[in-house]
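Colleague: I am new to reading structures, and the words people use for them puzzle me. Could you go through some of them with me?

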Amino acid sequence: MTDVSITPGSASPASFLLRGTAANNTLRLVGMDSTAVVEEARIRHDLSKTATAALGRTLTASVLLATVLGKRSDSRVTVRVDGNGPLGWIVAEGSVDGRVRGYVRHPEADLPLRQSDGKLDVSGVVGQEGELAVTRLLDNGEPYTGSVDLVSGEIAEDISTYLGVSEQIPNAVLLGVYEEGGRVYRAGGLLIQAMPGVTDETLARLEANVKAFGQITDHLRRGSLMEAMHAITAGLGLQLADSAQDARFECRCSREKAADSLKFFGPEERAEMMNGGGQNVHCHWCGEDYLITPAEIAALNAQEAHGLA
Ligand SMILES: [Zn+2]
């Protein structure tokens, strides 16, 4: 499961998470191979190349953040990136159990490859000024939102700054999306968290490893997520957890919820929808369209007539 290899033209492997510790439990790691998740997001939202990279990094980050900040096995975090670039905002919701969904304001926004390094211009499309906000539920069930100004618009640095400044968690974050032949070839991320008691030697070694690491997508293309986790903890004694955890793009919308949303319209508007042959309800999170039939709308009317709504 963790030793997945891929050849050009083959289907994307399933996405998954790996967890581990290093340096006598003073470093905690979580890694995600999000190739299939990001490819599904690209297809669902008809994303441009640069938009795929921007949303893909944010989707991956939302799951990694959930594993660090979430207290329960189904805890979720929502990441919202509001930059001043042509993409508009990005929203991603990730869960500790590996489920993730998200979208962008302008999926068609794109930019030429950056001249300085020949890479996708993610910060150009996101914008270098703006805000990153993370919302999660506290132990008492109340939502809590923390935010920081964008640092670079490249997402990984911005997420890392959020964790350091807003959550006081020393960390390193690496995110990447590599596209080839019009599809997502490799995508993934790593989040390394320094725990209390971490030594200066460990932090210095980690910093050197991060500098020498290069792009996470290069590791995923040539090796695997496990190889990337070994590389980032070289000399620090990585202990991987036994099992990988599946991850997938999964929305929480449903036909029933889509029909229910029509309850917000008055009887006259609903009569119009019925006369027009039904009403399309679009889910922004996943791009799904639900055509609610006149019979289903009539059922909503009947429910209300019986005081069930
Ligand atoms: Zn949906």
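Modeller: Gladly! Let's start with a pair of helices: α9 and α10 cross in a left-handed way. This is a predicted model, in which local features need pLDDT of at least 70 and side-chain atom pairs count only at pLDDT 80 or more, while totals for chains, interfaces and linings use all residues. Residues are numbered from 1 along each chain as its sequence is written.

Colleague: What does left-handed mean for the crossing of α9 and α10?

Modeller: A crossing is left-handed if the near helix is turned anticlockwise from the far one by less than a right angle, and right-handed if clockwise. The helices themselves are DSSP runs (H or I, at least four residues), as strands are (E, at least two), numbered from the N terminus.

Colleague: And why are α9 and α10 called roughly antiparallel?

Modeller: Helix α9 (residues 267–275) and α10 pack at about 160°, with axes 9 Å apart. Axes are lines fitted to C-alpha atoms, for helices over the stretch in contact, and angles run from 0 to 180 degrees between N-to-C directions. Under 35 degrees counts as roughly parallel, over 145 as roughly antiparallel, 65 to 115 as roughly perpendicular and the rest as oblique. The pair is therefore roughly antiparallel.

Colleague: Which residues of α9 and α10 meet?

Modeller: Pro267, Arg270, Met273 and Met274 in α9 meet Pro294, Ile297, Ala298 and Asn301 in α10. Contact here means C-beta atoms, placed from the backbone, within 7 Å.

Colleague: What makes asparagine 301 partly exposed?

Modeller: A residue is buried if 20 or more other C-beta atoms lie within 10 Å of its own, exposed if 12 or fewer, and partly exposed in between, with C-beta atoms placed from the backbone. Asparagine 301 has 16 such neighbours, so it counts as partly exposed. This residue sits in helix α10 (residues 294–305) and touches Pro267 and Arg270, not counting residues up to four places away in sequence.

Colleague: Why are α1 and α2 called oblique?

Modeller: The axes of helix α1 (residues 35–45) and α2 come within 9 Å and cross at roughly 135°. By the ranges above, α1 and α2 are therefore oblique to each other. Their crossing is right-handed, and Val37, Val38, Ala41 and Arg42 in α1 meet Thr52, Leu55, Gly56 and Leu59 in α2.

Colleague: What is notable about the phi of aspartate 46?

Modeller: Aspartate 46 has a positive phi of about 50° although it is not a glycine. Most residues other than glycine have a negative phi. Aspartate 46 lies in the loop between α1 and α2, and it is exposed because it has 11 other C-beta atoms within 10 Å. Asparagine 25, in the loop between β1 and β2, has a positive phi too, of about 70°. With 12 other C-beta atoms within 10 Å, asparagine 25 is exposed.

Colleague: How do you know that the buried residues of α7 are on the same side?

Modeller: Helix α7 (residues 225–232) has Leu225, Ala228, Met229 and Ile232 buried. They cover an arc of only 100° around the axis, which puts them on the same side of α7. The arc is that of the directions from the helix axis to the C-beta atoms.

Colleague: Which residues touch the most other members of the largest nonpolar core?

Modeller: Ala54 and Leu190 do, among its 69 residues. Helix α2 (residues 49–69) gives the most to this core, with 10 residues. A nonpolar core is a set of buried Ala, Val, Leu, Ile, Met, Phe, Trp, Tyr and Cys residues joined through C-beta atoms within 7 Å.

Key: Two residues are in contact if their C-beta atoms, placed from the backbone, lie within 7 Å.
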